[in-house]
Amino acid sequence: MEACPVTKHDPSEIASTLWFSQALLPQGWAGGVRIGIRDGLVASIETGTRQGAHEPDQGLGLPGLSNVHSHAFQRAMAGLTEARGPAGAGDGDNFWTWRKLMYRFLDRGGPEEIEAIAALAYAEMLEGGFTRVGEFHYLHHDPAGVAYDDLGEMAVRIASAAQETGIGLTLLPVFYAHASFGGIEPNLGQRRFINSLDQFSDLMHLSRQAVAGLPDAVVGVAPHSLRAVTPEELVAVVPMAQGGPIHIHAAEQTREVEDCLAWSGKRPVEWLLDHAGLDHRWCLIHATHLTAGETQRFAASGAVAGLCPITEANLGDGVFPAVEFLADGGAFGVGTDSNVLVDAAQELRALEYSQRLTRRARAVLAQAGTSTGGRLYRAALAGGAQATQGTTGIAIGQAADLVALDPQDLAFASREGDAVLDTLVFAPPRQAVRTVWRRGQALVVEGRHVAREAIEARYRKALKGLL
C-alpha cells in the first residue's frame with residue numbers, strides 16, 4: 001500500500017471526522033485515514049493514524065462514483081420487457097422493439113408517479129455506490145403531450161427526488177424535436193419529449209430554478225441525438241449549457257449509423273467530430289459503433305464516453321471498443337441508463353467482461369502489471385466527475401461523497417489496496433456497500449438507504465397506478 005503524507009489542519013475547521021482502516025486517496029491507498037468534514041466538504045485528511053478509543057472503524061473507504069447517464073422513470077420497467085415478441089415480427093426483438101414498449105409505458109404516469117420512481121432509482125444508486133447522477137431528463141409533458149401549467153414541473157419532481165434521497169444531481173434537460181435524421185416529424189410515442197427551441201430555452205431557465213436549493217447541483221444540456229436534433233437546432237441548444245456539461249446519444253445502434261450515413265454521408269460520431277466542436281464539456285453516450293479513426297479522434301477530443309454496459313447488453317446494442325479507446329487516452333464514465341439493474345461495480349464488471357468475451361482473454365482493460373478493478377474504478381471516477389462536474393475523489397475541498405465497504409465481510413478478508421477493488425468489481429458479497437455519505441451525511445447505513453421504507457411505499461403505490 002502506498003504511503004500518503006499527513007495533511008495538517010486547523011482543528012477549528014473540523015465539524016466531524018470519519019476513520020477508515022484503509023481508504024483510496026488521489027495519491028493511492030493509505031492506512032489509518034482520518035477524514036475531517038465541515039460544511040459537507042473534506043476539510044482535512046490524515047493518514048497513518050491510530051483509531052481513537054471512541055472512533056468506529058468505518059471500513060474500506062472509496063470515493064463515490066458519478067452515474068453519467070440515467071433515465072430514472074425507466075426503473076419501473078425493469079423486468080417487464082423480457083418476453084419475446086410474436087413470431088414473424090421482422091428481425092426479432094431488438095432496441096427498436098424495446099423502444100416501442102417504452103413509448104407505450106409513457107402513456108401513463110404523472111408527476112407524483114415519476115417522482116416516486118425517481119426516488120427509488122436514486123436510493124438504489126446510493127446503495128450501489130453512486131453518489132451523483134446525471135439525469136438525462138426528457139420526460140417533460142403530460143401523457144397526452146400537453147405541457148404542464150408549469151413547464152418545469154417534471155424538472156421540479158426530479159429535483160425533489162434528488163433532495164429526498166440526498167444524491168448529487170447533474171440535471172440534463174433533453175432537447176428532442178424529431179423522429180429521425182433530417183428533421184422528420186416526431187411520432188406519437190415521442191409526444192412527451194417534444195419542445196420548440198423557445199420552449200426549451202424557458203425549460204432550461206425553469207430547470208435551474210428547480211435545482212437552486214440543492215447543494216452543488218449542476219445543470220447542463222442534452223441534445224438527445226442527431227436523430228432528434230437538426231444541425232441548426234444543435235447550434236442553438238449547445239450554448240444553453242452555460243458552462244455545464246453537454247451530453248448526447250451517439251452511435252448506439254448499427255441502424256442509427258446506417259441512417260446517419262444515408263442522411264449526411266458520415267457516421268454519427270464522425271459527424272459530431274467534424275461539426276460539433278467536441279471537447280472536455282461533452283459526453284457521448286454509448287458511442288458503441290466506432291471505426292478505428294473515430295475511436296482515435298474521439299479519445300483525442302477530450303470528450304467522455306458515457307458507457308452503460310448493463311443496459312447496452314440488455315438491449316443488444318453491441319460492445320464499445322474500450323481497449324482501443326483507452327489505449328488512445330480516452331476518458332470514460334459509467335451510467336445505469338434504463339436502470340434495469342443499478343450497481344456501480346456491476347457496470348464496471350460488465351464492461352470488462354464484454355471485452356473478455358469478444359477477445360477471449362482476461363484482464364483486458366488492465367495495464368501491464370496492474371489491477372483491472374483498480375484501473376476501471378479510477379477511470380470511471382475521473383471520467384464520471386468530468387462528465388457530471390462532480391466530485392473527483394477524497395481530497396480537501398471536494399464534497400465528502402464517500403463509500404465504505406465492510407472489511408469484516410469474508411469477501412474482503414485480508415484484502416489490501418487494489419485487491420479491494422478487484423474483489424468489489426469481480427467477486428463482491430451480495431451487498432458490497434455498507435455505508436454511503438453524501439456531503440458528509442450518512443444516507444446508506446448497513447446497505448440500506450435511511451429513507452428506504454417511505455420511498456418503497458410511495459413506489460409501490462405509484463406502480464399500482466402505472467401497471
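Helices (H or I, at least four residues) and strands (E, at least two) are DSSP runs, numbered here from the N terminus. The model is predicted, so local features need pLDDT of at least 70 and side-chain atom pairs count only at pLDDT 80 or more, while totals for chains, interfaces and linings use all residues. Residues are numbered from 1 along each chain as its sequence is written, and side-chain values use heavy atoms, with hydrogens and water left out.

Helix H11 (344–359) and strand S14 (402–405) each supply at least two residues of the lining of the largest pocket, and H11, with four residues, gives the largest share. A pocket is an open set of points on a 1 Å grid over the protein atoms alone, where a 1.4 Å probe fits, with protein on both sides within 12 Å along at least five of seven lines, and lining residues have an atom within 4 Å of a point. Of the 23 lining residues, Glu-127, Gly-128, Asp-343, Gln-431 and Ala-432 lie nearest the centre of this pocket.

Turning to the interior, the largest nonpolar core has 120 residues, of which Tyr-122, Leu-272, Trp-282, Leu-284 and Phe-332 touch the most other members; such a core is a set of buried Ala, Val, Leu, Ile, Met, Phe, Trp, Tyr and Cys residues joined through side-chain atoms within 4.5 Å, where buried means under 20% relative accessible area with a 1.4 Å probe, protein chains only. Helix H2 (residues 111–127) gives the most to this core, with ten residues. A second, separate core of 15 residues includes Ala-23, Leu-25, Ile-37 and Trp-437.

Trp-19, in strand S1 (residues 16–25), is buried, with a relative accessible area of 8%.

Note on methods. Buried < 20%, exposed > 50% of the residue type's maximum accessible area, 1.4 Å probe, protein only.
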